[in-house]
Amino acid sequence: MRRVPTVERVTTVGIPPLTASPRRLGAAMWTTGIATFGVLYAPQGLLTGIAETYRLTAADASWVVSAATLGLALAILPWALAADRFGRRRMLRVAAVAAAVIAVASPLLPGFAGLLVGRFLLGAALGGIPALAVAYLHEAAGPQRAGVAAGAYVAATSVGGLAGRLVAAPVGEVVGWRLSLELLGILAAALTVLFAVLLPPTEEHRPVPLGRSLRVLGRQAVNPRALPLYAIGAMVVGAMVAVFNALGFRLEAAPYFLSATAVSLVFLTYLSGTVTSRLSSALVQRFGTRMPLVAAGAAMVVGAVITLASPVVVIVLGVLLITAGMFLAHATANAATARAGGSGRQHAVALYSVAYYIGSSVLGTIGAAAWTAGGWAALAGLVAVLGVLVVAASVKVRD
C-alpha cells in the first residue's frame with residue numbers, strides 16, 4: 001500500500017494535467033481559425049472593385065491583401081518573444097482583442113493609403129494567433145490531446161480562408177466592397193472576442209529570458225536542414241496568392257465578363273488543398289519528404305501551363321493543380337520544419353511562418369505586377385519558374 005502513491009507520482013511526472021474540456025478548446029480554435037483567415041484573404045474577391053474605385057492597377061490593388069500578410073509576417077516573431085515572457089494565453093487574448101478593434105475600424109479609414117494602413121495593422125494583430133495557437137494547445141490540452149485540437153484549428157483556417165473569399169465578393173456586389181469588408185470585420189471581431197472568452201487557463205507561466213529565446217531563433221535561422229523548407233513555403237504560397245490576386249482581373253474582363261460572384265466560385269478549388277494536405281503525411285511515410293515536395297512543384301508547373309488555355313473550365317483545372325500542389329508542399333514542408341528544428345522546433349516553425357507570409361505578400365504583389373505588365377502569360381511564367389525552383393529546393397531537403 002505504501003508503494004501506490006510513489007508509483008503514481010513517478011508515472012505522472014512531466015505530463016501536464018488536462019485543464020480544458022476538448023469541446024471548449026475545439027470551439028476556441030474554430031472561432032479563431034475562421035475569423036483570422038476569413039478576414040485576412042477576403043479582399044481577394046474584391047480587388048477589381050477596389051481598383052476601379054481608386055483607379056489602380058492590379059499590382060497596386062493587390063497591396064490590400066499583401067499589406068495584411070506583410071504585417072502578419074513581421075509580427076510573428078515579436079508575438080512569440082512576448083509570449084515567452086508573459087505567457088501564451090495572455091498574449092493570445094491581447095491579440096484577439098486588438099484584432100477585433102482593428103477589424104471593425106480599418107475598413108472605415110479614408111483613402112487607399114488609409115485602407116492599406118488599416119490592413120497592415122490588422123495583419124500585425126492577427127499575427128499573434130498563428131504564432132502562438134499551436135504551442136498554446138500543448139499547454140492547455142497536454143500532448144496526448146493537442147493533436148486533435150490542432151487538427152481542428154488547421155481545418156478551421158482552411159474553412160475561414162475559403163469562406164472569406166466566397167462571401168466577400170457577392171456581398172460586395174450588393175452593398176459595395178467597403179461595406180462588405182466592414183461586415184466581415186464585424187463578424188470577425190465577434191468571433192475573436194468569443195475566442196478570447198473561450199480560452200481556458202493553463203498552468204502558471206514560467207518566463208523565458210529574452211536572450212535564450214533569441215539564441216534559439218538565431219540557431220534556427222541558419223539551420224541548414226530548415227533553410228530549403230523556409231524557401232519552399234515562401235515560393236508555393238506566393239505562387240498561389242499571385243494567381244488568385246490576378247484571376248479576377250482576367251475573368252471579369254473580355255472575353256469572359258464574369259461577375260465577381262461567379263469568379264469567387266473559382267476559390268472552391270481551395271478544397272483540393274484539404275485533400276492533398278491530408279495525404280501529405282501518408283506520402284511522406286511511404287516515399288520520404290522529397291517526393292511530395294517534388295510532386296507539388298511539378299503540379300504547379302503543369303497547372304501554370306494549363307491556365308494559358310482560353311476555356312474557363314481548363315483555366316479552373318490549372319488553378320486547381322496549382323492550389324493542390326501548394327497545399328501538398330505547405331503541409332509537407334511545415335511538418336518537416338518541425339522535425340528539422342529538433343528541440344527548437346517552435347522557433348523553427350515560427351521562422352517558417354515568417355517566410356510563408358512574406359512570400360505571400362511579396363510574391364503575390366510581384367505576380368500582380370507581372371499580370372499588369374505582360375498579361376497572363378507573364379504571370380503563368382512566374383508561377384512555372386517558382387514551381388521549378390520548388391523542385392530544385394526539394395533536392396536539398398533531408399528526410
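These are my notebook entries on surface, cavities and backbone in this structure.

**Entry 1: the model**
I am working from a predicted model.

**Entry 2: nonpolar surface patch**
I looked for nonpolar side chains grouped on the surface. I found a patch made of Leu-74, Leu-109, Val-117, Phe-120 and Leu-121. Together these residues have about 400 Å² of accessible area. I then asked which helix gives the most to the patch. Helix H7, residues 111–126, does, with three residues. Leu-109 sits in the loop between helix H6 (88–105) and H7. I checked Leu-109 on its own: its relative accessible area is 31%. Patch members need over 30%, so Leu-109 passes that cut-off.

**Entry 3: largest cavity**
I turned to enclosed space. How many cavities of 30 Å³ or more are there? I count three. The largest holds about 110 Å³ of space. Its lining has 16 residues. Nearest the centre of this cavity are Gln-44, Gly-45, Gly-248, Val-263 and Phe-267. I traced the lining back to helices. H3 (47–54), H12 (227–251) and H13 (260–264) each supply at least two residues. H12 has the largest share, with five. By class I noted nine nonpolar, six polar and one charged residues in this lining.

**Entry 4: second largest cavity**
The second largest cavity has a volume of about 70 Å³. I listed its lining: Val-39, Ala-103, Ser-106, Pro-107, Leu-115, Arg-119, Leu-122, Leu-181, Leu-184 and Gly-185. Which helices each supply at least two of these residues? H7 and helix H10 (177–198) do. H7 also carries three residues of the surface patch from Entry 2. The class count for the second lining is seven nonpolar, two polar and one charged.

**Entry 5: the loop between H12 and H13**
I went through the backbone next. The peptide bond from Ala-254 to Pro-255 is cis, and its omega is near 5°. Pro-255 belongs to the loop between H12 and H13. Phe-257 lies in the loop between H12 and H13 as well. Its phi is positive, near 55°, and Phe-257 is a residue other than glycine. Is Phe-257 buried or exposed? Phe-257 has a relative accessible area of 61%, so I mark it exposed.

**Entry 6: Arg-55**
I noted a positive phi at Arg-55 too, about 55°, although this residue is not a glycine. Where is Arg-55? It is in the loop between H3 and helix H4 (58–61). Its relative accessible area is 80%, so Arg-55 counts as exposed. I had already met H3 in the lining of the largest cavity.

Methods:
Residues numbered from 1 in each chain as written. Heavy atoms only, no water. Patch = residues over 30% accessible without salt bridge, like charges linked within 9 Å, V, L, I, M, F, W, Y side chains within 5 Å. Areas by Shrake-Rupley, 256 points an atom, 1.4 Å probe, with all protein chains shown as cover. Salt bridge = Lys/Arg side-chain N within 4 Å of Asp/Glu carboxyl O. Helix = DSSP H or I, 4+ residues; strand = E, 2+ residues; numbered from the N terminus. Buried < 20%, exposed > 50% of the residue type's maximum accessible area, 1.4 Å probe, protein only. 1 Å grid on protein atoms, 1.4 Å probe; cavity = no way out; pocket = protein on both sides within 12 Å on 5 of 7 lines; lining within 4 Å. Points joined across faces, edges and corners; volume = space filled by probe spheres on them. Nonpolar A, V, L, I, M, F, W, Y, C, P; charged D, E, K, R; others polar.
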